[in-house]
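Got the viewer open? Let's take a walk through this one together, from the fold down to the ligand.

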Amino acid sequence: MEFKHVSVMFDEAIEGLDLKSDGIYVDGTLGGGGHSGGICAKLGENGLLIGIDRDKDALMAAEKRLSQYKCRKQLVQSNFSDIKAVLEDLGVDKIDGALLDLGVSSFQLDNPERGFSYMQEAPLDMRMNRDDSLTAYDVVNGYDRDELKDIIKNYGEERWAARIAEFVVRERANKPLETTTELVDVIKKAIPAKARREGPHPAKRTFQAIRIEVNDELGRLEKALDDFLDVLKPGGRLAVITFHSLEDRIVKDTFRRRYDPCTCPPGLPMCVCSKVGDVERPGKPLIPTDEEVETNPRSRSAKLRIAVKK
Ligand SMILES: C[S@@+](CC[C@H](N)C(=O)[O-])C[C@H]1O[C@@H](n2cnc3c(N)ncnc32)[C@H](O)[C@@H]1O
C-alpha cells in the first residue's frame, strides 16, 4: 500500500524548530517522513536526523521517501517515550530540537488491516506497533463494564459512555465482537437516534478512546515530554502538534510546569519557591491557516506548541 499522508502545519513546525545546519534533530513521530524531509533539507553534512516510529511500516515508507535527501540519518523503530535509551544507543548526549506530530497517520487510518477506522471493515486491532500484545479486541472483549465506561468517557469524552459500555458487554455475552463494523453497530444501537444525527460519526469518540488505551498514548506522551525537554541543549526546541484537548492539556501543563515548577497551596497571594524553571515562558499555540484546513481537513483540530530550553 502506498504511504499517503499530508503533513500537518509543515511550514510552522519546520520554522518553529529554528534549524541549524549542523544540529542534531529528532523526529519522534516519523510517519511517512514528511516533516523529516523538511528537516533533512535544511541540514548540512554535519547535521543528523534521528527518526523514530513505533510502526515498522511507517519506518519503511520513511526510509524510501528520505532516500532523496543527502542528510545523515538514523531511523529507529521505538517508542518516543524511550528517547533517552534511543539516544544512548546512538551515542548521542544532547539534541538541538525535536518534533512530535501525535496520533496516527492517514496511512495507518486508511489501511483496512489495521482496524483504526470506523469507516472500514477490519479486525479489531488498532496497535501502532503490531508487536505489542494488547489489541482493540482485548479491550472490547476483555475489559469489564466500568473499565470500558471510564475509558470511553475519559479518553473519548463521550457523553453516552455508560450506555455504550453496557451495550458492548451485553452484545459480547452472545459472541465476542471481532470487527470494527460489529463494534460500530453496537455503538449505534447504544446512542439514541436524535444524538446520533448530531455532530460527528457516532463511533468517532469511542474509536479514539480505544485507540488511546491500546497504545497508551497519553501515558507515553506524559513521560516523553519531560525526557525530551531534559535532553535538549540550551536554546534547543521541542515542537509538539496535538489533535485533541487531552493531548494538548498534557503538553500545555508540562511546558508550564517546566517554566514555573513552583506549586503553592491555593489562596497564597504570591507563589515563590526555590525551584527554577528550565524552559522559556511558553507562548500561545499556533493553529493551521484556514487554507490548510480547507485542503487538509485532518488539520482542523491541530495545535502546535513550542518549548525553548533555557
Ligand atoms: C501523524 S503521524 C506522523 C506523520 C509525519 N509527521 C509525516 O509528516 O509524515 C504519527 C506517527 O507517529 C507514530 N507514533 C505515534 N505515537 C508514537 C509513539 N509513542 N512512539 C513512536 N511513534 C509513535 C505513529 O505510528 C505514526 O506513524
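We'll go from domains to sheet, then to a helix pair, and end at the ligand.

Keep in mind that what you're looking at is a predicted model. The domain assignment splits the protein into domain 1, covering 10-107 + 217-308, and domain 2, covering 133-214. Between the C-alpha centres of domain 1 and domain 2 there are 31 Å.

Now for the sheet. Strands of a sheet pair through backbone hydrogen bonds, and the pairing can be parallel or antiparallel. Here you have an open sheet of 6 strands with mixed pairing, and reading across it gives E3-E2-E1-E4-E5-E6. Why do E3 and E6 each have one side without a neighbour in the sheet? Strand E3 (72-77) and strand E6 (303-308) sit at the edges and each has a single partner strand, so nothing in the sheet flanks the other side. On average, neighbouring strands are turned by 15° against each other, if you ignore direction. Zoom in on E2 and E3: they run parallel and are joined by 6 bridges. In E3, Gln 77 is what Asp 53 stands opposite. Helix H12 (residues 217-231) packs on this sheet, where it touches strand E4 (95-101), strand E5 (232-242) and E6. The direction of H12 makes about 150° with that of E5.

Next, the helix pair. Two packed helices are described by the angle and the distance between their axes. For helix H7 (residues 145-156) and helix H11 (residues 204-214), the axes come within 8 Å and cross at roughly 100°. Angles of 65 to 115 degrees count as roughly perpendicular, so that label fits H7 and H11. On the H7 side, the contact is made by Ile 151, Ile 152, Tyr 155 and Gly 156, while H11 brings residues including Arg 205, Ala 209, Ile 210 and Glu 213. By type, the contact residues divide into 6 nonpolar, 3 polar and 2 charged.

Finally, the ligand. Which residues are closest to it? Of the 22 residues that surround the ligand, the closest are Ser 7, Thr 29, Gly 31, Gly 34 and Asp 101. Helix H2 (34-40) and strand E2 (48-53) each supply at least two residues of this shell. Its make-up is 5 nonpolar, 12 polar and 5 charged residues.

Terms used. Residues are numbered from 1 along each chain as its sequence is written. This is a predicted model: local features need pLDDT of at least 70, side-chain atom pairs count only at pLDDT 80 or more; totals for chains, interfaces and linings use all residues. A residue is near a molecule or strand if its C-beta atom, placed from the backbone, lies within 6 Å of it. Helices (H or I, at least four residues) and strands (E, at least two) are DSSP runs, numbered from the N terminus. Ala, Val, Leu, Ile, Met, Phe, Trp, Tyr, Cys and Pro count as nonpolar, Asp, Glu, Lys and Arg as charged, and the others, Gly among them, as polar. Domain bounds come from an automatic or database domain assignment. Two strands pair if DSSP finds at least two bridges between them. Axes are lines fitted to C-alpha atoms, for helices over the stretch in contact, and angles run from 0 to 180 degrees between N-to-C directions. Two residues are in contact if their C-beta atoms, placed from the backbone, lie within 7 Å. Angles under 35 degrees count as roughly parallel, over 145 as roughly antiparallel, 65 to 115 as roughly perpendicular and the rest as oblique.
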